[in-house]
Amino acid sequence: MKHHVLAAAAFVAAFGYMAPAFSEEDSKLVEPLAAYKSYVADHTEKLLENTTKFTEAIKAGDVAKAKTLFAPTRMDYESIEPIAELFSDLDHTIDARADDFEGKEKDAKFSGFHRIEYGLWTENSTKGLEPYADQLLADVKDLNHRIENLTFPPETVVGGAAALMEEVAATKISGEEDRYSHTDLWDFKANFDGSQKIYELVKPLIEKDNADFVKKVDANFKVVDDTLGKYKTADGYELYDKLTEDDRKVLAAKVNALATDLSTLRGKLGLN
């Protein structure tokens, strides 16, 4: 009886409501999902705290400080991207690229981190960025509130482990995301951390019957982490434009190998 009471409490923590009954298969995911919801909540809280400091620097006209805060602030968003992207309206205003708009960088609808990034690095100024800073902070507050009340879809959470790595390999590896600041490696590390967190939470559910798979994925995570570690600096990471084309190809290959294995996680947990 005690186990069922604890499981029910964890279900509420993970999903946001009490279910009258849930299957044995579902119950296996209750505790990992509750732990992941706590992880996401911690990161959205930190995102709000850091975004507040970031936008204050912009409104104070402190270009140097805002540049310093840009990449570390974004890491909390990037680490929980599978959940953040469930709110497509906010993801569009927080994280859209200039390519998503007809007028590119000059389009008035272009907002969020990358609009501010453009102003700080390309124009080397905070002039005109105050409204974007205000909107970004309001959007992050909204995201924080929405996630508090969100039912976490198990297939989205588990699938997020692969999705985070797939996005790096498919699009981010080109350097298109942080194209003005070249702080892409901070994003890669955050995506990596978010992916690894999901995997570590569900690993106990699969390792008994999939020992070889777990050993392989553990090794691939270490390879990617070691590769990213080569570019670590005292202040964070090397600027991405310092990496050679061969460096990028090696990183892409290692991330792809990890993403391919992680893409089978949902099936192993009966979520396909």
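# Exercises on helix packing and cavities

In this predicted model, Leu-185, Phe-188, Lys-189, Phe-192, Ser-195, Gln-196, Tyr-199, Glu-200, Lys-203 and Ile-206 of H9 are in contact with Phe-213, Val-214, Val-217, Asp-218, Phe-221, Val-224, Asp-225 and Leu-228 of H10. The exercises begin with this contact.

## Exercise 1

Sort the residues of the contact of H9 with H10 by class, and then describe how the two helices are arranged.

**Solution.** Step one is the sorting: the contact of H9 with H10 contains 11 nonpolar, 2 polar and 5 charged residues. Step two turns to the geometry, for which a general rule helps: a pair of packed helices is described by the angle between their axes and by the distance between those axes. For H9 and H10 the angle is about 160 degrees, and the axes lie 11 Å apart. Step three draws the conclusion: because angles over 145 degrees count as roughly antiparallel, H9 is roughly antiparallel to H10. Step four adds the handedness, since H9 passes H10 in a left-handed crossing.

## Exercise 2

Work out how H5 is arranged against H7 and against H3, and list the residues that meet in each contact.

**Solution.** Step one takes helix H5 (residues 88-95) with helix H7 (residues 130-148), which pack at an angle of about 150 degrees with their axes 10 Å apart. That angle makes H5 roughly antiparallel to H7, and the crossing of these two helices is left-handed. On the H5 side the contact holds Asp-89, Leu-90, Thr-93 and Ile-94, and these meet Gln-135, Leu-136, Asp-139, Val-140, Asp-142, Leu-143 and Arg-146 of H7. Divided by class, this contact has 5 nonpolar, 2 polar and 4 charged residues.

Step two takes helix H3 (residues 63-79) with H5, where the angle is about 155 degrees and the axes are 13 Å apart. H3 and H5 are therefore roughly antiparallel to each other, and H3 passes H5 in a left-handed crossing. Here Arg-74, Tyr-77 and Glu-78 of H3 meet Asp-91, Ile-94 and Asp-95 of H5. By class, the contact of H3 with H5 divides into 2 nonpolar, no polar and 4 charged residues.

Step three compares the two lists on the H5 side: Ile-94 appears in the contact with H7 and again in the contact with H3.

## Exercise 3

State how many cavities of 30 Å³ or more a search of the whole structure finds, and describe the lining of the largest cavity.

**Solution.** Step one is the count: the search finds 2 cavities of 30 Å³ or more. Step two concerns the largest cavity, which holds about 40 Å³ of space and is lined by Met-165, Val-168, Phe-188, Phe-192, Val-224, Leu-228, Leu-251 and Val-255. Helix H8 (154-170), helix H9 (184-206), helix H10 (211-229) and helix H11 (245-262) are the elements that each give two or more residues to this lining. Step three classifies the lining of the largest cavity, which has 8 nonpolar, no polar and no charged residues. Step four looks back at the first exercise, since Phe-188, Phe-192, Val-224 and Leu-228 are among the lining residues and also belong to the contact between H9 and H10.

## Exercise 4

Which residues line the second largest cavity, and to which classes do they belong?

**Solution.** Step one gives the volume of the second largest cavity, about 30 Å³. Step two names its lining residues, which are Pro-32, Leu-33, Tyr-36, Val-157, Val-158, Ile-198, Leu-201 and Val-202. Helix H2 (24-59), H8 and H9 are the elements that give two or more residues to this lining. Step three sorts the residues of this lining into 8 nonpolar, no polar and no charged.

Technical notes: Residues are numbered from 1 along each chain as its sequence is written. This is a predicted model: local features need pLDDT of at least 70, side-chain atom pairs count only at pLDDT 80 or more; totals for chains, interfaces and linings use all residues. Side-chain values use heavy atoms; hydrogens and water are left out. On a 1 Å grid over the protein atoms alone, a cavity is a set of points where a 1.4 Å probe fits but cannot get out, and a pocket is an open set with protein on both sides within 12 Å along at least five of seven lines; lining residues have an atom within 4 Å of a point. Grid points are joined across faces, edges and corners, and a volume is the space filled by probe spheres set on the points. Helices (H or I, at least four residues) and strands (E, at least two) are DSSP runs, numbered from the N terminus. Ala, Val, Leu, Ile, Met, Phe, Trp, Tyr, Cys and Pro count as nonpolar, Asp, Glu, Lys and Arg as charged, and the others, Gly among them, as polar. Axes are lines fitted to C-alpha atoms, for helices over the stretch in contact, and angles run from 0 to 180 degrees between N-to-C directions. Angles under 35 degrees count as roughly parallel, over 145 as roughly antiparallel, 65 to 115 as roughly perpendicular and the rest as oblique. A crossing is left-handed if the near helix is turned anticlockwise from the far one by less than a right angle, and right-handed if clockwise. Contact means heavy atoms within 4.5 Å.
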